[in-house]
Every structure is written in C-alpha cells, then in structure tokens.
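Colleague: Could you take one part of this model and go through it closely, with its surroundings? A plain account of the packing would do.

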Amino acid sequence: MAHMYPDGFKGSYHEVLQRLAAKRIICTHCAHQQISDQPIPYQLWFLTSYRGKALWANNRAHLELLIAYLAGERMQFNPDTQAMLETLPQWMILRHNRQKVIHSLRKMHNAR
C-alpha cells in the first residue's frame, strides 16, 4: 500500500499521464515499510493498453468500480466517485468498445 501523490504530468490534453510518487510504502502482507524524504517513483500495478490508449486503475477497488460501472451495474456512488465516472474517456464508454474494455479490466483483475 502506498500513500500516493501527484509528481508531475506529461502527455496531451486528452491523454494525460500523471506521474505518481509516494513517501511511504507499506507491504500489506508483512507490514514492512519504506519511508523516504525524497519522492519514491510509483508505477501503477493495474496498467495495460487498449487500442493504443492507457487503461489503468489505481488499485483493486478502483478496478472493480470501473468494471461494475461499465457493466451497467446499478450502484450508489459518492459525489467524488460520480465525478470520476463522468469524466471517463469517451473511447472507454462507447458501446462498441465497452465489452472489450471490460474484458481487459477483468483480465488485469484476475492476473493480480
């Protein structure tokens, strides 16, 4: 588990890639901690490509939320989650892409 924060951006307006960093990383298995005054570069664990576009999730809960939303499951979302879902890229929510995107997300979910 890492307490992440933004550490810069790159990419374009439509395909922003946010670099992440952490100052504290904790293993959820053995509780070993790594703490640093300098940012520790953090790479997304759930990251793949779909038709040349980055498809990612911050963590397993985020991944499961994306799967549920794209699959059309009826759920109550808090305002922050609703705002995140409303700004998903158009290519991700288009009907003709949706099943393949869900398949890619599930593949990431099952691989970890």
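**His62 and the helix around it**

Modeller: His62 is found in helix 1, where helices (H or I, at least four residues) and strands (E, at least two) are DSSP runs, numbered from the N terminus. This is a predicted model, in which local features need pLDDT of at least 70 and side-chain atom pairs count only at pLDDT 80 or more, while totals for chains, interfaces and linings use all residues. Residues are numbered from 1 along each chain as its sequence is written, and side-chain values use heavy atoms, with hydrogens and water left out.

His62 has a relative accessible area of 13% and is therefore buried; buried means under 20%, exposed over 50%, and partly exposed in between, with a 1.4 Å probe and protein chains only. Not counting residues up to four places away in sequence, His62 touches Trp56, Ala57 and Met84, contact being heavy atoms within 4.5 Å. Phe46 is 16 residues away from His62 in sequence, and the C-alpha atoms of the two are 9.6 Å apart in space.

Next, the helix partners. Two packed helices are described by the angle between their axes and the distance between the axes. Here the axes are lines fitted to C-alpha atoms, for helices over the stretch in contact, and angles run from 0 to 180 degrees between N-to-C directions.

Helix 1 covers residues 60-70 and helix 2 residues 79-86; their axes come within 12 Å and cross at roughly 65°. The crossing of helix 1 past helix 2 is right-handed, that is, the near helix is turned clockwise from the far one by less than a right angle, whereas an anticlockwise turn would make it left-handed. On the helix 1 side the contact is made by His62, Leu65, Leu66 and Tyr69, and on the helix 2 side by Thr81, Met84 and Leu85. These residues divide into 5 nonpolar, 2 polar and no charged; Ala, Val, Leu, Ile, Met, Phe, Trp, Tyr, Cys and Pro count as nonpolar, Asp, Glu, Lys and Arg as charged, and the others, Gly among them, as polar.

Two residues of helix 1 in that contact, Leu66 and Tyr69, also touch Leu88. Leu88 is found in the loop between helix 2 and helix 3 (90-93) and counts as buried because its relative accessibility is 12%. Leaving aside neighbours within four places in sequence, Leu88 is in contact with Leu66, Tyr69 and Ile93. From Leu88 to Leu66 the separation is 22 residues in sequence and 9.5 Å in space, C-alpha to C-alpha.

Helix 1 also packs against helix 4 (residues 95-111): the two axes come within 10 Å and cross at roughly 155°. That angle is why helix 1 is roughly antiparallel to helix 4; angles under 35 degrees count as roughly parallel, over 145 as roughly antiparallel, 65 to 115 as roughly perpendicular and the rest as oblique. Helix 1 passes helix 4 in a left-handed crossing. Helix 1 contributes Arg60, Leu63, Glu64, Leu66, Ile67 and Leu70 to this contact, and helix 4 contributes Arg98, Val101, Ile102, Leu105, Arg106, Met108 and His109. By class there are 8 nonpolar, 1 polar and 4 charged residues.

Helix 4 also holds Asn97, which counts as buried because its relative accessibility is 5%. Asn97 touches Tyr50, Arg51 and Trp91, with residues up to four places away in sequence not counted. Of these, Arg51 lies in the loop between strand 4 (46-50) and strand 5 (53-57) and counts as exposed because its relative accessibility is 58%. Arg51 has a positive phi of about 50°, although it is not a glycine.

As for the whole chain, the protein chain has 4 helices and 5 strands, running β-β-β-β-β-α-α-α-α from the N terminus on. Of its 112 residues, 26% are buried.
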